[in-house]
Amino acid sequence: FQPCWIAVPLDLESHEAIAVLAGTVTLTPGTVSCDLSRDGRTLLVHCLDGKDPAAEVQRIKDRYESRLL
């Protein structure tokens, strides 16, 4: 395992959609949503096995965030 922190830039603007995304990320094995930036534009996520942090960010955006836009 190669744990890492990633900052996921958000396209979402709705507080409800951001909450759903954060919950979905936390329910995904190996990831936990930990914080939201003060401006609500970046979600801090801990990845248990993040060998490629950029790919993890893109996976979250493509697989989960895109469905909430």
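**Briefing: a β-α-β-β-α chain**

Strand β3 shows two faces: Leu-43, Val-45 and Cys-47 lie on the covered one, while Thr-42, Leu-44 and His-46 lie on the uncovered one. The model is predicted. Its chain holds two helices and three strands. Along the sequence they follow the pattern β-α-β-β-α.

**Overall dimensions**

- The chain has 69 residues and a radius of gyration of 11 Å, which agrees with the value near 11 Å for a compact globule of that length.
- Along the principal axes, the C-alpha atoms fill a box of roughly 35 × 25 × 20 Å.
- Buried residues make up 35% of the 69.
- The accessible surface is about 4,400 Å². Carbon and sulfur atoms account for 57% of that surface.
- Among contacts with a separation of 6 or more, 64% link residues 24 or more positions apart.

**The sheet**

- Three strands form an open sheet in the order β1-β3-β2, and the pairing is antiparallel.
- β1 and β2 (31-36) are the edge strands; each has a single partner strand, so one side of each has no neighbour in the sheet.
- On average, neighbouring strands are turned by 30° against each other, direction ignored.
- In a regular strand, side chains alternate between the two faces of the sheet.
- β1 has a covered face made of Cys-4, Ile-6 and Val-8. Its uncovered face carries Trp-5, Ala-7 and Pro-9.

**Strand pairing**

- β1 and β3 run antiparallel and are joined by six bridges.
- Val-8 has Leu-43 in β3 as its bridge partner. Cys-4 stands opposite Cys-47 in β3.
- Both residues of each of these pairs are on covered faces: Cys-4 and Val-8 in β1, Cys-47 and Leu-43 in β3.
- β2 and β3 pair over five bridges, also in the antiparallel sense.
- Thr-31 has Cys-47 in β3 as its bridge partner. Asp-35 stands opposite Leu-44 in β3.
- A hairpin links β2 and β3, with five residues between the strands. In its turn, Gly-40 has a positive phi of about 75°.

**Helices on the sheet**

- α1 packs on the sheet and touches β2 and β3. The direction of α1 makes about 145° with that of β2.
- α2 lies across β1, β2 and β3. It runs at about 45° to β1.

**The nonpolar core**

- The largest nonpolar core has 16 residues. Ile-6, Val-8, Leu-10, Leu-21, Leu-43, Val-45 and Ile-60 touch the most other members.
- Four elements give two or more residues to this core: β1 (4-9), α1 (15-27), β3 (42-47) and α2 (53-63).
- α1 supplies the largest share, five residues.
- Ile-6 and Val-8 of this group sit on the covered face of β1. Leu-43 and Val-45 sit on that of β3.
- What does Leu-10 contact, leaving aside its neighbours within four places in sequence? Its partners are Ile-18, Leu-21, Leu-36, Gly-40, Arg-41, Thr-42, Leu-43, Lys-61 and Glu-65.
- Gly-40, one of those partners, is the residue of the hairpin turn with the positive phi.

**Thr-42 in detail**

- Thr-42 is found in β3, on the uncovered face of that strand.
- Is Thr-42 buried or partly exposed? Its relative accessibility is 29%, so it counts as partly exposed; buried would require under 20%, and exposed over 50%.
- Beyond four places in sequence, Thr-42 is in contact with Ala-7, Val-8, Pro-9, Leu-10, Asp-35, Leu-36 and Ser-37.
- Among these partners, Ala-7 and Pro-9 belong to the uncovered face of β1, and Val-8 to the covered one.
- Asp-35, another contact of Thr-42, stands opposite Leu-44 in β3.
- The C-alpha atoms of Thr-42 and Leu-68 are separated by 15 Å, with the two residues 26 apart along the chain.

Conventions:
Residues numbered from 1 in each chain as written. Predicted model: local features only at pLDDT ≥ 70, side-chain atom pairs only at ≥ 80, totals over all residues. Heavy atoms only, no water. Core = buried A, V, L, I, M, F, W, Y, C linked by side-chain atoms within 4.5 Å. Buried < 20%, exposed > 50% of the residue type's maximum accessible area, 1.4 Å probe, protein only. Contact = heavy atoms within 4.5 Å. Pairing = 2+ DSSP bridges. Axes fitted to C-alpha atoms, helices over the stretch in contact; angles between N-to-C directions. Rg over C-alpha atoms; globule rule 2.2 N^0.38 Å. Areas by Shrake-Rupley, 256 points an atom, 1.4 Å probe, with all protein chains shown as cover.
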